Amino acid sequence: MSMHFADAAAGEDFLLGRLPHESKSGSVQSPCNILQQKQPSCQPQAVDEAVTGSLRYFLRAISIADHGCRLGIKVQCNAQGHVTFLDLSAPRRMSGGGASNVRIVLILLCEDMELNGRLSEKLGQLSALEEIHLDHNFLRGSIPSQLGYLAARSTGRTGELGSLRMLSLDNNVLTGEIPRALGQLTSLRWLLLWRNLLSGEIPAELGQLKSLSRLHLQHNHLGGHIPKEFGRLQALEQLRMFDNQLEGEIPKEMGQLEALQELRLSDNRLSGEIPAELGNLRRLKLLSLSNNKLNGSIPKELGELKSLQRLELMVNQLEGEIPKEMGQLEALQEPRLSDNRLSGEIPAELGNLRRLKLLSLSNNKLNGSIPKELGELKSLQRLELMVNQLEGEIPKEMGQLEALQELRLSDNRLSGEIPAELGNLRRLKLLSLSKNKLNGSIPKELGELKSLQRLELMVNQLEGEIPKEMGQLEALQELRLSDNRLSGEIPAELGNLRRLKLLSLSNNKLNGSIPKELGELKSLQQLRLQSNNLMGEIPKELGNLSLLQELLLTRNRLKGHIPRHLGALRSLQLLEVDKNHLEGTIPKELGSLKRLTRLNLDQNRLSGPIPAELGQLFSVTTISFEENQLTGCIPGELGELKLLRALSLRENQLCGRIPPELAKLGENGQLHDLYLSQNQLSDFAAKYM
């Protein structure tokens, strides 16, 4: 190969350059302009001439002044000079040496990939084209119907000319309808039009593409019905039409696609029943019909899909029982049936699915008990049965699921004790048993769950003490034990949970003092201890929790002073210590809590003046100091709180005049609720009651 450079003619309009051929006179002809764009600033700067045998091809490197990017073309040609491969998609890394063969590969890499022209009708004149790759650009406009000209045609002397095998226009901004003429491309194997803005109905003519193995139309705005003619696509392996606006029923003719491996129709508006004929698709590996309006029952014929690995039927209106025939799907790894209206018991036959990794049956109307046979699912990683009507005890066989990472059984009617065997689930990251009728104590064996990140046992009838073994859960981030009947003291060992972000023990019968060791929880963001019988003082060590956003200690028996150290909690948004026995003054350091939105100190024994420094709480919306023994005047600085919506100071011993700054907030409608009754204010009016 020889290569030299020549100057390009001034004023020639290119976007991607033209694909020239050599005429009999030796001059260069340009038969087509692949992309059209009006950009007068787009001028060629250099021309590379690559010569192999009798072939002469040119690459024009062009610079677009508006974007400063260089655009690229990848071309393959045959010995007769016909363009057989055109790739204008994002550049791919290639190994060298390809340009020395009869088929020439010429690559000019693009830096920014901002191809945003329109597809020209003249693209249909490249009669020998075999593959078109224009994906992952910003091409706009409609798809030219002239692409239908690229069907196989006979030339007499050379036999078949052309026969487009791949058309990839995905990830652009193409609009309009899919041309019916594409149904003439009978040699087409891949038709990839996904992630565009295409609309209208899907042409029934696409059912003529007898060689098609991949049809990807997802992420568009296509409407209408699925053409029953698609049942003729005997070579089809992948059919992806999810995330459109398709309506009507799924054609029973889909059951004729014997080669089909993927059928993805989710996120549409499909209605009617699931065709029993889909049970004929013995090679099917993925069936996704989720997020539609499908009704009726799940066909038992789906139990014949021996190759099926993923079944996605969630978010529909399916009713009836789960067919026991589902237990025959030996290859199944992920059945997702959540968010339907399924009823009846969970089939024990599901315990035969030894390759199962996920079982999602949540948000249905399933009843009965959890089958102990599910304990045989040794590969199971996620079990989701929440929001049903399941009853009875949690089978101790659940402790055999060694691969389990998530166990979600919340929002049911489960009763009995939590099995100690759950402590064997060493890979478990999430255990959610909340909103049931579980009783007994929390098993100390749960302290063996070294991978556990979230433990949710709230809203049950659990009793006894919190096991100190909980302090061994080093990976724990959320501990939710609220709304039970737990008693005893808060274990100091919880201070070892250095990754803990949320600790919720509210609405129990806990007593004793708040452990100062909780001040070691440097990752803690939410501390909820309200509605217990906690006594003693608020530990000053809580002031070390620099990430704390919520400190809720309402309805306890706490006494002593509010620690001034709480003023160091610069991330704090909620501070509620109302309904305790706190005394002393309100620390002026609380004025440093710049992110605080709610401050509630109601029903304590606080005395002294309201600190003027609270006028620096510029994010606060609610301040409530009701039923204390506060004295002095209301500081005018509170009138600087522009976001304040509610201020309640009633039932104190405040005196003097109402600050005009505060009254002005009320008059302007910014301060919705101002309660000042049962004080000794000189200009009190009934509107402040």
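**Entry 1: overall make-up**

I began with the secondary structure and counted 1 helix and 58 strands in the protein chain. I note here that this is a predicted model.

Next I looked up burial for the chain as a whole: of its 689 residues, 53% count as buried. The accessible surface comes to about 30000 Å², and carbon and sulfur atoms hold 42% of that surface.

I also checked how far along the sequence the contacts reach. Taking contacts with a separation of 6 or more, I find that 54% join residues 24 or more positions apart.

**Entry 2: the nonpolar core**

Which residues touch the most other members of the largest nonpolar core? My list reads Leu191, Phe230, Leu575 and Phe625, in a core of 161 residues.

I followed up on Leu191. Leaving out neighbours within four places in sequence, I see Leu191 in contact with several leucines, namely Leu167, Leu182, Leu206, Leu209, Leu212 and Leu215. Arg214 and His216 are also in contact with Leu191.

**Entry 3: a parallel sheet**

I picked out one sheet to trace strand by strand. It is an open sheet of 3 strands in the order E29-E31-E33, with parallel pairing. E29 and E33 stand at the edges with a single partner strand each, so one side of each has no neighbour in the sheet. As a reminder to myself, strands of a sheet pair through backbone hydrogen bonds, in either a parallel or an antiparallel way.

How many bridges link E29 to E31? I get 2 bridges between E29 (residues 319–320) and E31 (residues 341–345), in the parallel sense. Glu319 stands opposite Arg341 of E31, and Gly320 has Leu342 as its bridge partner.

On to the other pairing: E31 is joined to E33 (residues 365–367) by 3 bridges, and these strands run parallel. Here I noted Lys365 in E33 as the bridge partner of Ser343.

**Entry 4: Leu524, a loop residue**

I turned to the loops next. Leu524 is in the loop between strand E45 (509–511) and strand E46 (526–528). Is Leu524 buried or exposed? I read a relative accessibility of 0%, so Leu524 counts as buried.

Its surroundings are rich reading. Not counting residues up to four places away in sequence, Leu524 touches Leu500, Lys501, Leu502 and Leu503, and also Leu545, Leu547 and Leu548. For Leu503 I looked up the backbone spacing too: the C-alpha atoms of Leu524 and Leu503 are separated by 7.7 Å, with their positions 21 residues apart along the chain.

**Entry 5: Gln146, another loop residue**

Gln146 is found in the loop between strand E13 (140–141) and strand E14 (153–154). Its relative accessible area is 17%, and because buried means under 20%, I log Gln146 as buried. Beyond residues up to four places away in sequence, Gln146 touches Glu121 and Gly124.

**Entry 6: Arg564, on the outside**

For contrast I looked up Arg564, in the loop between strand E48 (559–560) and E49. Arg564 has a relative accessible area of 53%, so I log this residue as exposed.

What does Arg564 touch, not counting residues up to four places away in sequence? I find Pro587 and Glu589. I also noted the C-alpha to C-alpha distance from Arg564 to Lys540, which is 7.8 Å, for residues 24 apart in sequence.

**Entry 7: positive phi angles**

I noted two residues with a positive phi that are not glycines. Val387 has a phi of about 55 degrees and lies in the loop between strand E34 (382–384) and strand E35 (391–392). With a relative accessibility of 34%, Val387 counts as partly exposed.

Lys579 has a phi of about 60 degrees. Lys579 lies in the loop between strand E49 (574–576) and strand E50 (581–584). Its relative accessible area is 25%, so Lys579 goes down as partly exposed.

**Entry 8: rings**

How many aromatic pairs does a search of the whole structure find? I came away with 0.

A charge over a ring did turn up, though. The charged end of Arg650 sits over the ring of Tyr675, at 4.8 Å from the ring centre.

Key. Residues are numbered from 1 along each chain as its sequence is written. This is a predicted model: local features need pLDDT of at least 70, side-chain atom pairs count only at pLDDT 80 or more; totals for chains, interfaces and linings use all residues. Side-chain values use heavy atoms; hydrogens and water are left out. Helices (H or I, at least four residues) and strands (E, at least two) are DSSP runs, numbered from the N terminus. Buried means under 20% relative accessible area, exposed over 50%, partly exposed in between (1.4 Å probe, protein chains only). Contact means heavy atoms within 4.5 Å. Two strands pair if DSSP finds at least two bridges between them. Rings of Phe, Tyr and Trp (its six-membered ring) pair if their centres lie within 6.5 Å; planes under 30 degrees apart count as stacked, over 60 as edge-to-face and the rest as tilted. A charge sits over a ring if NZ of Lys or CZ of Arg is within 6 Å of the ring centre and within 35 degrees of the ring normal. Accessible areas come from the Shrake-Rupley method with a 1.4 Å probe; for residues, only the protein chains shown count as cover. A nonpolar core is a set of buried Ala, Val, Leu, Ile, Met, Phe, Trp, Tyr and Cys residues joined through side-chain atoms within 4.5 Å.
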